[in-house]
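Biologist: I'm new to this one, so could you walk me through it? Let's have it up on the screen.

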Amino acid sequence: MIKLGSINMDVDAFTGSLLHDGTGTHNHPLNSITYTKLIMRFLELLDRHDIRATFFVVGKDLTKKENRRIARTIVEAGHEIANHTMNHWQWFSTLKKKEKEEEITSGQKIIEDTVGKPVKGFRAPGYTIDREILDILRDCGYSYDLSVNTSLFYLLAKYIYSFYFLDKNHKRYLTYQNPRIYFAPTLPYYPDTDVYVQSDKLGLLEIPINVVPILNVPCVSWITTNTMLNTVFYWTIKNTNQVLNFELHDFEFISHEDIGPLESSFSLQRMLKTSLKERMERLSDRFERFKKDYQLLTMSEIAEKINASACVKG
């Protein structure tokens with residue numbers, strides 16, 4: 001039986017990766033190219049391979065007229081737009097419950113007002129999810145969440161980034177998952193009142209980030225840019241029956257010409273060592289491989305299929 005898979009992008013303003021303070025800025029002069037250039041390159045690639053994807057967008061970016069127009073173009077092309085909060089605060093999970101609710105509902109409202117369709121999915125900034133956030137998502141009628149990341153490698157990378165690149169005034173901008181999350185299921189599940197425990201009742205569906213067993217590395221695109229690593233990681237994911245959850249970020253579609261001499265962070269410098277043309281060719285090859293092994297759908301369609309299957313089994 002063919003497996004389910006999805007390609008998705010976090011559209012969280014690549015300028016956050018250009019800065020060293022970890023705060024990000026959605027008012028940076030270069031922020032506009034996220035929609036006018038980077039997303040358009042991704043859309044062209046998807047169209048070439050006849051793939052529909054899911055875009056996790058930040059509500060604040062849709063306050064700009066041109067970004068709203070492009071968001072509608074995304075939906076008209078058959079893709080899905082999901083919620084990535086209103087402001088993409090990295091410290092989102094540390095907010096009070098009412099503030100979390102405002103971040104979620106404000107982002108949801110501006111997306112729905114822009115594209116005219118209900119928002120069904122959510123991903124928290126930095127994958128920092130907790131019980132309060134899941135309760136809010138349930139109350140708002142969400143179908144699925146994509147925030148659980150069981151990778152210890154990712155936690156370590158956060159600590160290293162905080163230690164080497166953030167001064168003490170900005171360290172608070174990075175928050176960390178509860179260590180118990182590393183014992184959460186790696187396959188899609190329905191969270192109990194405890195985020196990390198599987199419930200036997202249907203409801204909000206959690207689709208975790210793909211993680212390579214033993215190595216415990218999250219299988220997200222920018223980590224697997226090395227060809228050999230990508231081959232090993234992909235083989236492992238495919239053979240552990242995980243739903244393919246291939247996550248991209250907007251900055252992966254940037255070129256040297258886009259930013260000029262602007263000083264950038266380590267992650268972006270590493271990305272720019274490979275030309276945009278070569279990155280696009282690698283992604284093109286991966287997409288063709290995915291199409292042979294998976295039924296590629298939007299995340300909301302995957303949630304519908306999993307829910308329907310669970311109802312039949314129940």
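Biologist: Okay, which ring does the charged end of Arg123 sit over?

Modeller: A charge counts as sitting over a ring if NZ of Lys or CZ of Arg is within 6 Å of the ring centre and within 35 degrees of the ring normal. The charged end of Arg123 is 4.5 Å from the centre of its ring, and that ring belongs to Phe56.

Biologist: Before we go on, what kind of model is this?

Modeller: Side-chain values here use heavy atoms, with hydrogens and water left out, and residues are numbered from 1 along each chain as its sequence is written. Local features need pLDDT of at least 70, side-chain atom pairs count only at pLDDT 80 or more, and totals for chains, interfaces and linings use all residues, since the model is a predicted one.

Biologist: How much of the protein is buried?

Modeller: Buried means under 20% relative accessible area, exposed means over 50%, and partly exposed is in between (1.4 Å probe, protein chains only). Of the 314 residues, the share that counts as buried is 56%.

Biologist: Which residues of helix H3 are buried?

Modeller: Helices are DSSP runs of H or I with at least four residues, strands are E runs of at least two, and both are numbered from the N terminus. H3 covers residues 65-76, and on the other side of it Lys65 and Glu76 are exposed. The buried ones are Asn67, Ile70, Ala71, Ile74 and Val75.

Biologist: Why do they line one face of H3?

Modeller: Take the directions from the helix axis to the C-beta atoms, which define the arc. Seen down the axis of H3, the buried residues line one face because they fall within an arc of 145°.

Biologist: And what do those buried residues pack against?

Modeller: Contact means heavy atoms within 4.5 Å. The partners are two strands, S2 (54-57) and S3 (80-83), and two helices, H2 (33-49) and H4 (97-115).

Biologist: How many aromatic pairs are there?

Modeller: Rings of Phe, Tyr and Trp (its six-membered ring) pair if their centres lie within 6.5 Å; planes under 30 degrees apart are stacked, over 60 edge-to-face, and the rest tilted. By that rule, the count is ten.

Biologist: How far apart in sequence are the parts that Phe42 and Phe253 tie together?

Modeller: Their pair is tilted, at 5.2 Å centre to centre and 50° between the planes. Phe42 lies in helix H2 and Phe253 in the loop between strand S9 (244-249) and helix H8 (256-259), so the parts tied together are apart by 211 residues.

Methods
The expected span of a helix is 1.5 Å times one less than its number of residues.
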